[in-house]
Amino acid sequence: MSSIAAQTAPARTATATRRATLDELVGTAVEHASNGLTAMAARMAGALHDMSTADPDPHLALSRIRSGNLLKDNAYAFVHLASTGIEAALRREAAQLLPAAQQAPAPVTLSLIPLEEMDSQLAFAAISRPFDLAHAEALASLGVRLGMLLGRTLVRASHNPFRPDVFLRAIERAWCEFEPDPQAHRLILPLLRSELVLDLGALLATLNDRLKPASAGRQAHARFAKTDDGAAARAARARRDAAVSQQLRQLFGTADPAPGDALAVPMIANLPQGSGGWRPSGAAGFAAPAAAAPAQGGQPTVPAPVVAAPLLGMLEQGSDRAHEGFYLPRLKQKLPQGSLSRGDETTLDLLSRIFETVLLDDAIGQETRDLIAFLQVPVLKAALHDRSFFFEETHPARRMLDLLSRAGWEQTGNPDDPVYHAMRRGVEQVRLESRPDAFAAAVAELEASLAERERAQQAAIAGPIAQATRHEKQAASGRSARKAVALRLAGEEVVAVVATFLEQRWIPVLSLAYTIEDSKPGAIDSATRAMDDLVWSVKPKATQQARKSLIARLPALLATLNQWLDAVQWQDAERLQFFAELAECHAAIVRAPLELAPERQFELAVEAAQQDALRRIAREQGAATDDQVAPDAVDVTLATLARGMRVEFTGGGGVRKLKLAWVSPLRSLFIFSDAGRQEAFSLPAERLAAALRSGSIRVLTPEGVVGRVLTQAAGAAAMNDPAGAARAG
């Protein structure tokens, strides 16, 4: 029994999902119908009064006037009865689509259908037929979509719970319950006309839209413009940053004496300088600590016990020139053990790692590293003053350090470079001024200088960018147009003249529509609808009503075709030949003999609509499947690439570090430049993706140097388990 239950669990889940969707569809249909019942009652009341003037039977005329007045004065009661009746009928019909719970089979009984019931069925079949024909395409599409929902090919028209017959019968039953005079019950049947009852076309369109795949439509054209593929990566980075920040806050949340506490403060100027490692060019070191002076009598004095003192106090009391030969990563080694509070020690450790990373990075020019070296003491002071340096990317001192390291990567050593001058002025300002806003002022000037250089770089490549943008849009439009035509012709039995026309002449039209959609909204819909109408127009029409519909729609279709063909400047004799052959095709369709009975014609029309719906919805599903392909890691990387990011390119000439100078609007073309901006080249998205997969191009981290070092220092626990990081703190 347990195995049977386990096997049927997925089936029960699927059934529950289908039932919930059907319930939602019924609710949508009831809401849509209820919103139109009041207006329908008013139209029916007016029709009853109008019909009385032309009726020769005075008794029937009086009955219609009386019923019309009753409906006009008590419309709310009729609306309530009709609304509840429609809902009950829809739920009853929808329930029949789902498998019933397992139960003992009911005994088979045979019974005769009363003649009155047969007459009613025949009458409603005649009343419903105009509605079925008018909404054949929408009903067929809904039947196919319901079939897909229920795991079958389609739901036949006679089993569609939203067929017009269900609504019309519910309205008729509501009228019979509303009208107390049995003789007036038959008055409702002539009123069940499309111009009087509910707008079933809009209702069916709403239901079809509800069942369409979420990504159906023209998303193939915007395939390269998607940026949501990187949303998960951005969300993951945000979670990681929050976790790192939380871990750092926990780290600094331990007991830490505030700056200015009255504690013993040794002089930082007396700290010794270590040997080896990085040296700023032309810088003097700290003086070595003086040896303990012998006391009188030649006996050395016993050193006093070390007291934990605020590091900021040591820096404030140090020499103004202490930072000129200073190397922060060695400072801790020169301090007496236990002389730092826990918070100061953590600050010193983190900043030591940050400056060591920057000052040993050969990718940053030596001139820039020399400038950054002068910021060690000012940045240390700023971080001790305000520990949000470690939590906020916008902290002025942190922002300046990141800007200098990034700008230094692009520096060419040109002494006349305005950016380099701004960097020097900013560093000098921070060194000489102890104001808290010194960093902010230096950052503002440096950002302005970098922005000006960025504008100059963009202006220099404005021409190639404009040309590349045009080519990209044209290429994307051509791809979308070819795909749209191919989807229409796949599996379709289209006459040769139209199929050739679409492949050779309509693809340029669709390409133009995709190109001008931004400036002329609706162009794609117009061109696509004309293509679909053209394909429909050359299919056999089995009913007289379908042929009348063709004749009525032809003038607008031909006008639209000619307008688009004028737009693409197709004016030769081949165009005249095409329209002549198209006219012969339409004439043959209209003149074909109708030898079938009306009932058979109706069946053929419904079957043709169902086949069209099957092909059309299969195209939708195919497009949705293409759009819903799960992106891999390379797709996510491409989606998150942004201008200004750096990549490492490995080729025959070795390893080069390049800057992403421009990303096309549809993200199908990327322009890179080297650090000296002496060389620029472009890569299409396909080639860039291949290079990323092969490993010849590697995207460097977009973070600033401070954030990168802090993330590494925080460790994997903070990145993967924020709660665990908080507990660890």
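Visitor: Hi! Does α23 pass α24 in a left-handed or a right-handed crossing?
Guide: α23 passes α24 in a right-handed crossing. A crossing is right-handed if the near helix is turned clockwise from the far one by less than a right angle, and left-handed if anticlockwise. Helices (H or I, at least four residues) and strands (E, at least two) are DSSP runs, numbered from the N terminus.

Visitor: Anything I should know about the model itself?
Guide: This is a predicted model, where local features need pLDDT of at least 70 and side-chain atom pairs count only at pLDDT 80 or more, while totals for chains, interfaces and linings use all residues. Residues are numbered from 1 along each chain as its sequence is written, and side-chain values use heavy atoms, with hydrogens and water left out.

Visitor: Back to those helices: at what angle do α23 and α24 pack?
Guide: About 125°, with the axes 10 Å apart, for α23 (residues 633-640) and α24 (residues 685-694). Axes are lines fitted to C-alpha atoms, for helices over the stretch in contact, and angles run from 0 to 180 degrees between N-to-C directions. That makes α23 oblique to α24, because under 35 degrees counts as roughly parallel, over 145 as roughly antiparallel, 65 to 115 as roughly perpendicular and the rest as oblique.

Visitor: Which residues in α23 and α24 meet?
Guide: Val634, Asp635, Thr637 and Leu638 in α23 meet Ala685, Leu688, Ala689, Leu692 and Arg693 in α24. Contact here means heavy atoms within 4.5 Å.

Visitor: New topic. Where is Lys659, and is it buried or exposed?
Guide: Lys659 is in strand β2 (residues 654-663). At 9% relative accessibility, Lys659 counts as buried. Buried is under 20% relative accessible area, exposed over 50%, partly exposed in between (1.4 Å probe, protein chains only).

Visitor: What about Arg667, where does that sit?
Guide: Arg667 is in the loop between β2 and β3 (669-674). It's buried too, at 13% relative accessibility. Arg667 also has a positive phi of about 60°, although it is not a glycine.

Visitor: Why mention the sign of phi?
Guide: Because most residues other than glycine have a negative phi.

Visitor: And Gln569: what is its phi, and is it buried or exposed?
Guide: Phi of Gln569 is near 60°, again positive. Gln569 is exposed, with a relative accessible area of 68%. Look for Gln569 in the loop between α20 (544-567) and α21 (573-591).

Visitor: Last one: what does Leu146 touch?
Guide: Leaving out residues up to four places away in sequence, Leu146 touches Leu22, Leu25, Val155, Asn160, Pro161, Phe162 and Leu211.
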